[in-house]
Amino acid sequence: MAPRKNFRNQAKKEVKPAAVVNKNGVKVEASVAASGGGFSGTKIFTWFMVLALLGVWSSVAVVWFDLVDYDNVIERAKEFRFNFSEVLQGKLSAYDADGDGDFDVEDAKVLLGLKERPVSVLLREAKEESAVKEPVDGSQNTDVESEIQAAVPLPPISDDFIPDDSRDEATHPYEDENNAIDMKGELVEKAQPQQTLEESKQYKNQPGSPETKETEAESVPEPEADVEPEVESVPELEAEFVPELKENAEDQPKDKLKEKAKKKKPKLLNKFEKTIKTEIDAAEKLRKKGKVEEAVRAFETLVLQYPQSPRCRYGKALAEDGLAEKMLSNDMLQKAIGTYKEASELPNATPDLIKATLKKRAERQQFLGRMRGALATLEKLVQIFPEDMALKNDLGVAHLLIGDNNSAKRVYEEVLATAPSDGFAKVHYGFILKSENKIAESIPFLRDGLESGDPGTDDGRFYFHLGDALQRMGDDSAYKWYERGHQRGHFASVWQRSLYNVDGLKAQPWWTPKDTGYMDLVKTLERNWRIIRDEAQSVMDKTTGLFVPEEENLREKGEWGQFTLWQQGKKAGESCRSVPKTCGLLERYPEATGCKRGQIKFSVMQPGTHVWPHTGPTNCRLRMHLGLVIPKTGCKIRCTNDTRAWEEGKVLIFDDSFEHEVWQDADSYRLIFIVDVWHPELTQYQRQTLSPI
């Protein structure tokens, strides 16, 4: 501090030196005379040092008193291309962040994040950038339109983003019917997350929504919401185009590829909106850059200026949609859904904008579980655009989502009558036929649909059901399709064909108790097997109706029933009151009673029963079979290519996500106790957050 004080005092006490006469007879200051006149090198150096010292001590003061957040300034300077050479040239107006024409304290606040930039400035800047790249013919922004051609699904949902459900549509697409084919484990297993017991009787194994990696959270229904009678809209359900397998690449229809390449951009602007296209594009540019909050404000400004503009309203809906995604907010998404509807109902909306808006709205409704509202929207869209087969295909899926197979079947029959080569309609029609147990009839539709390579056909369920149908017809080409499904990433292997999986878990068909780490549970079951057997036999009387027949179309022949004690981690109280000792034994084993992706149940199989080869829905569980009443011969189970037999009082453990098959050719019934447990490598967090199956 002393040098600064001395420097300041010296400046205050400076005395003007006496003038002298130079050689030309002119009076000059002594200091000038000493230097020979003008600015000598010494004086320049002196002033340089003065300025340098001022800068140094100013910097020290700023740092010492923490006057400026330097990291923030540097980052903001980078963001706004702050260039020191421009500062020296006096170009601070280039950093006029608040739009008042100069660089001042208010601009610094903006740069430091203490104040938001005015919407007018944001629009102006975006407009200027757009003007450089914008075609002079007034054609629409290609980047914007490419997103509107098809509804784009949201990314994986975080654990705190809970899909809403206004009615009975909380089921995961597609719901189950009594005659649906199961692609799961033994005995009435619900392959769809968040599916209730009642809904399990509807339509299973939905082909339209592949979910093979588990990042989902449990779904919680939302309070009753209104269903607009005038129709809401269903999403663009077509998936991205995926080329056919390499060996069939040459079979890809060339005319379809050409048709895709020639697909026209949608015309979203009406005549008036073309005159404000630059303003719309400026706001749209903010949205596409991920600045969704600013985009929402920009579009709100445009909507206030041009309240009758469908495109401005549509842009606002898209921005709100993006903000909902960023905030993980159902409320904001609901607001976007309402804005989509407003945009579609404004006068002078172009047909392409109506279609894009309603499809987008329906997609979001489906995301929130509002299946019936989405169905109504698709019905309206099909009315408006009766020649659009893609909309009819989506309408068929919407019927499947609410378990209405018959209506879906009629829709796909209409599509195939008009477009007999439509691959999307074929795989879904084949899927429905198989759910009706029309196995042979389903095969050509499933096979031709998959070979078409059409968008929406590359789904693990179609590979699964085609292979399953071929197996039931005794056709070994089933494994060729399983292999293709594996190559496409739908199955972990040809043998392990579950669809709801967590990556990285140990995968082997048969396990020992030591492998699982559940030795205590196994010992408890084996020590008490007679108690468990006696309670099971006490509830086997057919007149009680406690043993429910298997209804998943897994049997080729015979009788197979079950009596469930725990389902999806929830205790069946009435059932446990009938077998209190058995349930009491299990209460202290949360790896079993808390397994939300499994069941605990008795299974009885009568002589002459054969269960088709099948797989369970998930790799997240292991299945224990405790032998209770086992005939001496004739009963066996195959998992992959390893066949084993049960023993009374002993536990068999296998991973039912691998293909397995059962035969009961004995002279009397076979009774076992099935206990599903979490895969031992799942973390506690995963066990808590994985959705039920």
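The expected span of a helix is 1.5 Å times one less than its number of residues. That rule is a handy way into this predicted model, starting with one of its helices.

## Two helices checked for length

Helix H12 covers residues 310–327. Its 18 residues should span 26 Å at 1.5 Å a residue, and its end C-alpha atoms are 25 Å apart, which agrees. Of those 18 residues, 14 are buried, so H12 is largely enclosed by the rest of the structure. Just after the helix comes leucine 328, which takes a positive phi of about 55°.

Helix H14 (residues 351–367) passes a similar check: the distance from its first C-alpha to its last is 24 Å, close to the 24 Å expected for its 17 residues. H14 is mostly covered too, with 15 of its 17 residues buried. Glycine 369 follows H14, and its phi is positive, near 85°.

## A charged pair inside H12

Let us stay with H12 a little longer. Which residue forms a salt bridge with glutamate 320? The partner is lysine 316, and the closest N and O atoms of the two are 2.7 Å apart. Glutamate 320 and lysine 316 are 4 residues apart in helix H12, so about one helical turn separates them. An α-helix has 3.6 residues a turn, so residues three or four places apart point the same way. Are these two residues buried or exposed? Both glutamate 320 and lysine 316 are buried.

## Salt bridges across the chain

A search of the whole structure finds 29 salt bridges. Side chains of opposite charge can pair when their charged atoms come close. Three of the pairs are set out here.

| Pair | N to O distance | Burial |
|---|---|---|
| Glutamate 320 and lysine 316 | 2.7 Å | both buried |
| Arginine 621 and aspartate 656 | 2.7 Å | both buried |
| Arginine 638 and glutamate 661 | 3.0 Å | both buried |

The side chains of arginine 621 and aspartate 656 meet in a salt bridge. This pair links distant parts of the chain, 35 residues apart: arginine 621 sits in strand S10 (residues 621–629), while aspartate 656 is in the loop between strand S13 (651–654) and strand S14 (660–664).

Arginine 638 and glutamate 661 also meet in a salt bridge. Arginine 638 belongs to strand S11 (residues 635–639) and glutamate 661 to strand S14, so their contact ties together parts that are 23 residues apart in sequence. These two residues also belong to a network of salt bridges that links Arg497, Arg638, Glu659 and Glu661.

## Cysteines, paired and unpaired

How many disulfides does the structure hold? There is 1 disulfide, and it joins cysteine 576 to cysteine 583 with an S to S distance of 2.1 Å. The link of cysteine 576 and cysteine 583 is left-handed, with -80° about the S-S bond. Cysteine 576 and cysteine 583 are both buried.

Cysteine 595, by contrast, is in no disulfide; the nearest cysteine sulfur, that of cysteine 620, is 8.5 Å away. A disulfide needs two cysteine sulfur atoms within 2.5 Å, so a separation of 8.5 Å leaves cysteine 595 and cysteine 620 unlinked. Cysteine 595 is buried, with a relative accessible area of 1%. Cysteine 312 also counts as buried, because its relative accessibility is 0%.

## How helices pack

Two helix pairs are worth a look on screen. Helix H15 (residues 371–384) packs with helix H16 (residues 389–401) at an angle of about 155°, and their axes are 9 Å apart. H15 and H16 are therefore roughly antiparallel to each other, and H15 passes H16 in a left-handed crossing.

Helix H18 (residues 423–435) and helix H20 (residues 460–472) pack at an angle of about 50°, with their axes 11 Å apart. That makes H18 oblique to H20. The crossing of H18 and H20 is left-handed.

One last residue to find is glutamate 441, which lies in helix H19 (residues 439–452). Glutamate 441 is partly exposed, with a relative accessible area of 44%. Its C-alpha atom is separated by 7.6 Å from that of glycine 430, 11 residues apart along the chain.

Key: Residues numbered from 1 in each chain as written. Predicted model: local features only at pLDDT ≥ 70, side-chain atom pairs only at ≥ 80, totals over all residues. Heavy atoms only, no water. Buried < 20%, exposed > 50% of the residue type's maximum accessible area, 1.4 Å probe, protein only. Salt bridge = Lys/Arg side-chain N within 4 Å of Asp/Glu carboxyl O. Axes fitted to C-alpha atoms, helices over the stretch in contact; angles between N-to-C directions. Parallel < 35°, antiparallel > 145°, perpendicular 65-115°, else oblique. Left-handed = near helix turned anticlockwise from the far one by under 90°.
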